[in-house]
Amino acid sequence: MASKVKTIGVLTSGGDAPGMNAAIRAVVRKAIDNGLSVKGIKRGYQGLLNEEIIDLERHSVSDLSQRGGTMLGTARCMEFKTEEGQKKAADICRKHKIDGIIVIGGDGSYRGALALSHHGINTIGIPGTIDLDIACTDYTIGFDTACNTAMEAIDKVRDTSSSHERCSIVEVMGRHAGYIALWCGLATGADDILIPEKYDFNEQNIIDNIVRNRKRGHTHHIIVNAEGIGHSTSMAKRIEAATGVETRATILGYMQRGGSPTCKDRFYAAIMGCYAADIIAEGKTNRAVAYRNGEFTDFDFEEALSMEKSISEYQFRMSQIL
Ligand code: ADP
Ligand code: F6P
C-alpha cells in the first residue's frame with residue numbers, strides 16, 4: 001500500500017436502504033484489515049457538518065449484516081448543497097484528519113460526494129438506494145429487498161382484490177424511476193404496469209383493459225403504479241367511475257425501505273464495501289463503485305454522474321405482453 005491514506009470516514013446519506021448496514025460492516029472491517037483507521041459519521045452530510053464523528057472498530061459492526069436501516073443514521077441536508085456548507089465539511093474532515101470518505105447513498109449523495117471532492121477531500125461512493133437509479137451501475141444495494149417486500153405486498157392485495165372482485169392500484173416507490181414498479185409488476189403478473197419512463201397518461205387504455213378483462217371473467221385487476229406517476233387515489237376514483245368496478249388504491253410507502261436485507265443485498269453490500277475499502281487504501285480518488293456487466297468495478301465520479309440510465313425496451317415490452 002503506497003498511498004498516504006491513514007484514516008477514512010464512512011457515512012450513509014439520503015434515503016436509507018436495506019443492506020446499508022452490511023456495507024458499513026464490510027467497509028469498516030476491510031479498511032482495518034488494510035491498516036486504516038475508520039471513523040463513522042452519523043446522519044450523513046448533516047452529521048459531518050455537526051461533527052458527529054465516532055471511532056469504529058471491528059467489534060463496533062458486529063451483528064449488523066441482517067439489520068435493516070443504517071446504524072449510522074441518515075439525513076437529507078440542505079446546508080451541504082451550498083458552497084459554504086461543502087467548504088465547512090471539507091475543513092471538518094481535515095480537522096479530524098480524515099483522508100477520505102466512503103459515501104453510501106443514492107444519486108444525490110453521489111453529487112454531494114463529487115462536490116466534496118472539489119474541496120480537496122477524496123470520496124468513494126457505494127450505490128445504496130432502493131430506486132436502482134444510479135446510471136453507472138446495474139445494481140444498487142436495497143433494490144432486491146424493496147422489490148421482494150413490494151412483491152409480497154402486491155400478492156396479498158391480489159388475494160383480497162379477487163375476493164371482492166375489485167380493481168387495485170398498488171403504488172410502489174422509486175422516485176423518478178420505474179424499476180421497482182417494472183420488476184414487481186412483472187413478478188406479480190400485474191394487469192397494468194405504469195412507469196414514468198413510458199406512461200402516456202392515457203387512462204382510457206387502462207379502462208379498456210379492465211372492461212376487457214371483466215368480460216373474460218377476471219375477478220381482479222391489479223395495476224402497479226410507480227411513485228413517479230403517483231396520484232393513485234384520484235386515479236382509482238376516475239377508474240371506478242368509468243368502469244363501474246370498485247377500485248382501491250394502496251400506497252406501500254416506507255415499508256419498502258425497511259426490513260432485513262435479502263441475501264443478494266447483503267452479498268452485494270459486502271463485496272462493494274470491501275471493494276471501496278480496497279480502492280481508497282490503494283490511493284484511488286473520487287470513484288463510484290459499481291456492478292456492471294457481471295463485474296464489480298469503479299468509475300470516475302464525473303463520468304459516473306454524466307451517464308444516463310434507461311429502462312430496457314425489451315423488458316418493458318415483455319411486461320406488457322405477459
Ligand atoms: P439520495 O442520495 O438517496 O439520492 P438525496 O437526493 O436526497 O438522496 O441526496 C442526499 C443528500 O446529498 C442531500 O440531502 C444533500 O445533502 C446531498 N446532495 C444532493 N444533491 C447534491 C448536490 N447537487 N450538491 C451537493 N450535495 C448534494
Ligand atoms: O430514494 C429512496 C426513496 O424512498 C424514493 O423512492 C422516494 O421517492 C424517496 O426516497 C422518499 O424520500 P423521503 O424519505 O424524504 O420521504
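A residue counts as near a molecule or strand if one of its heavy atoms lies within 4 Å of it. In this predicted model, 16 residues are around ligand 1, while a second shell surrounds ligand 2. Local features need pLDDT of at least 70 and side-chain atom pairs count only at pLDDT 80 or more, whereas totals for chains, interfaces and linings use all residues. Residues are numbered from 1 along each chain as its sequence is written, chains are lettered from A and ligands numbered from 1 in the order in which they are written, and side-chain values use heavy atoms, with hydrogens and water left out.

**Ligand 1**

- Arg 76, Cys 77, Gly 106, Gly 108 and Ser 109 come nearest to ligand 1 among the 16 residues around it.
- By class, the shell holds three nonpolar, eight polar and five charged residues; Ala, Val, Leu, Ile, Met, Phe, Trp, Tyr, Cys and Pro count as nonpolar, Asp, Glu, Lys and Arg as charged, and the others, Gly among them, as polar.
- Helix H4 (residues 107-117) gives the most to this shell, with five residues; helices (H or I, at least four residues) and strands (E, at least two) are DSSP runs, numbered from the N terminus.
- A polar contact is a pair of N or O atoms within 3.5 Å; within protein, one must be able to donate a hydrogen and the other to accept it, and residues adjacent in sequence count only if both atoms are side-chain atoms.
- Polar backbone atoms approach oxygen atoms of ligand 1 at 2.6 Å for Cys 77, at 3.0 Å for Gly 106 and at 3.4 Å for Gly 15.
- The protein covers 84% of the 550 Å² of accessible area that ligand 1 has on its own; such areas come from the Shrake-Rupley method with a 1.4 Å probe, and for residues only the protein chains shown count as cover.

**Ligand 2**

- Around ligand 2 stand Arg 76, Thr 129, Ile 130, Asp 131, Met 173, Gly 174, Arg 175, Glu 227, Tyr 254 and Arg 257.
- Three nonpolar, two polar and five charged residues make up this shell.
- Arg 76 places a polar side-chain atom 2.8 Å from an oxygen atom of ligand 2.
- Backbone polar atoms also take part, with Gly 174 at 3.1 Å from an oxygen atom of ligand 2 and Arg 175 at 3.3 Å from an oxygen atom of ligand 2.
- Of the 400 Å² of accessible area that ligand 2 has on its own, the protein covers 78%.

**Strands E5, E10 and E11**

- Strand E5 (residues 122-127) and strand E10 (residues 287-292) pair in the parallel sense over two bridges; two strands pair if DSSP finds at least two bridges between them.
- Within this pairing, Ile 124 has Arg 287 of E10 as its bridge partner.
- E10 and strand E11 (residues 295-300) run antiparallel and are joined by six bridges, and the partner of Val 289 in E11 is Asp 298.
- E10 and E11 form a hairpin with two residues between them.

**Backbone at two asparagines**

- Most residues other than glycine have a negative phi.
- Asn 286 has a positive phi of about 55° although it is not a glycine, and its place is in the loop between helix H9 (263-282) and E10.
- Asn 293, also not a glycine, has a positive phi of about 50° and is found in the loop between E10 and E11.
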